[in-house]
Amino acid sequence: MASDQSWKDKYLQELESADIREQQWKVERNTLERMLVRTSLASEGQTPELDRLLAQVRKDLRKKNVDVDAWRELQEQIDRQVALLDEQPAPVSVRENRESAAVAPASGSGDTPNVPGDDQDLADNTQRLRIARRVGQLLGQLLNNVTLEPAAETRARSLQQALLSSNDWTELREGLNHVAELVIAAVTRSQREFEAFLKRLDERLEVLRSHFSEQSSAQSNRLTASETLDREIRQQLERAGSQLRDSEDLQELKDSVSQHLSSIGQAMGRFREQETEREKALSEQLKAMQEKVAAMEAHSEQVQNEVRRERQRAMTDLLTQLPNREAWQERLSFEFNRWQRYQASLTIGVLDIDFFKRINDSYGHKAGDRVLQLVARELSERLRATDFIARFGGEEFVLLFPETAPDAAKVAMDQLRQHVGNLPFHFSGEPVTVTFSAGLASFGAGDSEETVFDRADRALYLAKDAGRDRVHISADGAGQ
């Protein structure tokens, strides 16, 4: 019975591993679907036909059953509409006119006034660049949460860099055309890997089923042989007893008893031979099963390690190696539930590097990436073990200070701010001072995760408006 229970445990463990893998694939698929929905919403307002095609994308996603061939045709139609954007510029909204006016140089008495066509083109380019940057950010989130083939990932990284930094609309338009292909490739690869895993699992379970069937058959044969031996011995004993009662000749009786004993001995011999063969076969089957189980255990451990690595990858920002936005949401929910139970002080911090775009524009995106990496390292190394920091997106970071009031969190944040401001950054041989601004807010009665985060975010922008390189505590009440 213990052996049977062991096989059941192995079987259940394999099923559990399959469930974990399936759940991981569902998470990746949901991430891809969210990215597509956000991308389609961010791209709306170009042309009615493009809006219709993007609406079809969202409609298909709601069905939870995407026809890849139909989507390839849909992608070609979207590509054609994107290619027509240069020839059919989208109308400029009032807000876009304000934005174009804000970015246009101020005209003096001797300047040539802007003509409406120039404003139209400027607004169109601003809108296109904004869409491209947003798609680049979403593509980064995709790469942080799914695994692509090496060649596809290299291509995706190059595409993301182009979308985030290039101002050439022709290059950006070509990049946008390839985003859907990468998404389809990611979904297809995840599904293919999971299907291959299930196939290997099914093959191994079939081997176990076969061994169980052989063991059951062997056990049945053993019972049959035992019953046969018992029946033969009883028959011989009954015949011997009958002859003992009826026989009057001693010699005849001796011969009869001797014959019956010989028959019993032969039956015992046949049983021992059969039993030996059965034991040999069962021993070979047990050895084979042990090898199969060892292989299954190794494969199960490999799958579990892979699941752990994929989860860690999905929860880690690749550039800074800090927890990412998904990890932040998970930790925030945990600390919020803990705060609701114990009502200990809990403070949220939102931090943004000052003039980060200026660093990118002046020294390049590699310099900007280096700043993010060094700032992330310094912040994480100087926080308490109980504190938590994550990269929220771009040059923005978020922090949690459990059991810490806002004033105490401000002291810690100011120390971090002063330390970062003293870091010896040099780019192109020039010393560069890097600073950050931050906002803090604490939980109170009636608060939710969103309300406190919004207050901290507003406090951050108050710090920015007050001159940057400072920490501001939200003065808003709880629940507002």
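I'll start with the buried residues of helix α9 in this predicted model. They are Ala327, Trp328, Leu332, Glu335, Phe336 and Trp339. Around the axis they cover an arc of only 160°, which puts them on the same side of α9. The general background is that an α-helix has 3.6 residues a turn, so residues three or four places apart point the same way.

What covers that side? The elements over the buried residues of α9 include β1, residues 346–353, and β2, residues 388–393. Also among them are β3, at 396–402, and α13, at 449–465.

A check on the length of α9, which runs from 325 to 342. With 18 residues at 1.5 Å a residue, the helix should span 26 Å. The C-alpha atoms at its ends are 25 Å apart, which agrees.

Next, a helix pair: α10, residues 356–363, and α11, residues 365–382. Their axes come within 6 Å and cross at roughly 140°. That angle makes α10 oblique to α11; the cut-off for roughly antiparallel is over 145 degrees.

Which residues meet there? From α10, Phe356, Ile359, Asn360 and Tyr363. On the α11 side, they meet His365, Ala367, Gly368, Val371 and Leu372. Sorted by class, this contact has six nonpolar residues, three polar ones and no charged ones.

Last, the chain as a whole. The protein chain has 13 helices and seven strands. Of its 480 residues, 40% count as buried. Taking contacts in the chain with a separation of 6 or more, 72% are between residues 24 or more positions apart.

Terms used:
Residues numbered from 1 in each chain as written. Predicted model: local features only at pLDDT ≥ 70, side-chain atom pairs only at ≥ 80, totals over all residues. Heavy atoms only, no water. Axes fitted to C-alpha atoms, helices over the stretch in contact; angles between N-to-C directions. Helix = DSSP H or I, 4+ residues; strand = E, 2+ residues; numbered from the N terminus. Parallel < 35°, antiparallel > 145°, perpendicular 65-115°, else oblique. Contact = heavy atoms within 4.5 Å. Nonpolar A, V, L, I, M, F, W, Y, C, P; charged D, E, K, R; others polar. Expected span 1.5 Å × (residues − 1). Buried < 20%, exposed > 50% of the residue type's maximum accessible area, 1.4 Å probe, protein only. Arc of directions from axis to C-beta.
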